[in-house]
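Student: I've got a fold open on my screen and I'd like to learn how to read it. Can we go through it feature by feature?

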Amino acid sequence: MTKWDAKYAAADREGGGLFGAGPNEYLRLTCARRDFAAASALMLADGDGRNGRFLAGRGAAVTAVDLSAVGTERAREWDRAAGVDVTRIHADLASWQPEGSFDLVGLFYLHCEPVVRDAALARACACLAPGGWLVVEGFAKAQAARPGLGPPVPDNLYDLPSIRTAAEGLTLVEALEGDVRLDEGQGHRGLAAVVRLTARRF
Ligand SMILES: C[S@@+](CC[C@H](N)C(=O)[O-])C[C@H]1O[C@@H](n2cnc3c(N)ncnc32)[C@H](O)[C@@H]1O
């Protein structure tokens with residue numbers, strides 16, 4: 001059982017997911033943009049599935065990948081309950097390769113060894129359809145000094161220069177680092193230093 005399997009297994013089922021029933025706020029805001037549209041989406045490290053489910057509920061054809069078997073099974077249960085269809089794959093982003101291209105690729109709060117994160121980001125950029133959107137949010141390195149929210153390992157956290165470098169071949173829409181008060185389920189609650197990036201393939 002992975003660390004994440006244990007977290008999802010211990011999560012309160014009544015809360016609607018470890019990170020809440022609704023989507024990540026940055027994803028919701030991006031989807032509300034006047035210029036945003038996505039008929040297909042790939043959600044990397046989708047956990048128990050809030051973000052993939054949200055996009056499927058908006059009519060997108062969604063593929064989602066996560067390392068946690070427990071999280072993926074929970075996600076499938078909640079997809080069924082919500083009446084949406086998401087193709088969920090239990091796999092490690094260290095080696096998983098996407099097939100095809102997507103109008104949106106999302107990566108929310110993947111905190112792992114930089115080599116895996118960088119490989120996932122490179123594949124995310126490579127599988128964007130023309131006009132496609134890359135949307136990323138994760139804890140910033142400053143968060144390591146604030147115990148209780150996010151992993152305490154600075155290497156596994158995000159910084160603006162390296163996330164911008166990862167998206168170098170894309171057209172930058174926004175790249176921000178700052179404090180955001182998270183209110184996303186049992187897992188993400190409180191003031192947090194985060195990095196957000198949106199970029200498009202043109
Ligand atoms: C903080 S959770 C975020 C889940 C989801 N993105 C969300 O925002 O609700 C981090 C997720 O990353 C997944 N993860 C960590 N390392 C991974 C890897 N190497 N491959 C795939 N998923 C991974 C974990 O299983 C976990 O579900």
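Student: Let's start with A175. Is A175 buried or exposed, or somewhere in between?

Tutor: This is a predicted model, so keep that in mind throughout. The general idea is to count C-beta atoms around the residue: 20 or more within 10 Å makes it buried, 12 or fewer makes it exposed. A175 has 16 such neighbours inside 10 Å, so it counts as partly exposed. You'll find A175 in strand β6.

Student: Which residues does A175 touch, leaving out those up to four places away in sequence?

Tutor: Those are L160, I163, R164 and L197. For a sense of distance, try V135: it is 40 residues from A175 in sequence, and their C-alpha atoms are 10.0 Å apart.

Student: OK, β6. How do I read the sheet it belongs to?

Tutor: Strands of a sheet pair through backbone hydrogen bonds, either parallel or antiparallel. Here seven strands make an open sheet with mixed pairing, and the order is β3-β2-β1-β4-β5-β7-β6. The edge strands are β3 (86–90) and β6 (171–184); each has a single partner strand, so one side of each has no neighbour in the sheet. On average, neighbouring strands are turned by 15 degrees against each other, direction ignored.

Student: How many bridges join β6 to β7?

Tutor: There are 13, and the two strands run antiparallel. E177 sits opposite V195 in β7. The pair makes a hairpin with three residues between the strands, and G185 in the turn has a positive phi of about 70 degrees.

Student: And on the other side of β7?

Tutor: There β7 (residues 188–200) pairs with β5 (residues 128–139), again in the antiparallel sense, over seven bridges. E137 faces R196 in β7.

Student: Where is L170 found?

Tutor: L170 lies in the loop between α6 (160–166) and β6. Don't assume a loop residue has to be exposed: L170 has 20 C-beta neighbours inside 10 Å, so it counts as buried. Leaving aside neighbours within four places in sequence, L170 is in contact with C125, L134, A199, R200 and R201. Compare G187: it is 17 residues from L170 along the chain, and their C-alpha atoms are separated by 31 Å.

Student: Now the helices. What should I look for?

Tutor: One general point first. An α-helix has 3.6 residues a turn, so residues three or four places apart point the same way. Then ask what the helix lies on. Helix α3 (residues 50–57) lies across β1 (40–44), β2 (61–66), β3 and β4 (102–108), and runs at about 175 degrees to β2. Helix α5 (residues 114–126) also packs on the sheet, touching β1, β4 and β5, and its direction makes about 160 degrees with that of β4.

Student: How many residues of α3 are buried?

Tutor: Seven of its eight, so to speak of α3 as mostly covered is fair. The buried ones are R50, N51, G52, R53, F54, L55 and A56. Their cover includes α2 (25–31), α4 (69–82) and the strands β1, β2, β3 and β4. Just after α3, G59 takes a positive phi of about 100 degrees.

Student: Which residues other than glycine have a positive phi?

Tutor: Two to look up are A45, with phi near 55 degrees, and Y109, with phi near 60 degrees. A45 is in the loop between β1 and α3, while Y109 is in the loop between β4 and α5. A45 has 24 C-beta neighbours inside 10 Å, so it counts as buried. Y109 has 21 inside that distance, so Y109 counts as buried too.

Student: Which residues come nearest to the ligand?

Tutor: W4, A45, G47, L67 and L93, out of 20 around the ligand. So you meet A45 again here. By class, the shell holds 11 nonpolar, five polar and four charged residues.

Student: Last one: which residues of the largest nonpolar core touch the most other members?

Tutor: That core has 49 residues, and the ones to look for are A41, L44, V62, V105, L107 and L134. Take A41: beyond four places in sequence, A41 touches L55, A60, V62, F102, D103, L104 and G106. There is also a second, separate core of five residues, with Y8, A11, L18 and V70 among them.

Conventions
Residues numbered from 1 in each chain as written. Predicted model: local features only at pLDDT ≥ 70, side-chain atom pairs only at ≥ 80, totals over all residues. Pairing = 2+ DSSP bridges. Helix = DSSP H or I, 4+ residues; strand = E, 2+ residues; numbered from the N terminus. Axes fitted to C-alpha atoms, helices over the stretch in contact; angles between N-to-C directions. Contact = placed C-beta atoms within 7 Å. Near = placed C-beta within 6 Å. Nonpolar A, V, L, I, M, F, W, Y, C, P; charged D, E, K, R; others polar. Core = buried A, V, L, I, M, F, W, Y, C linked by C-beta atoms within 7 Å.
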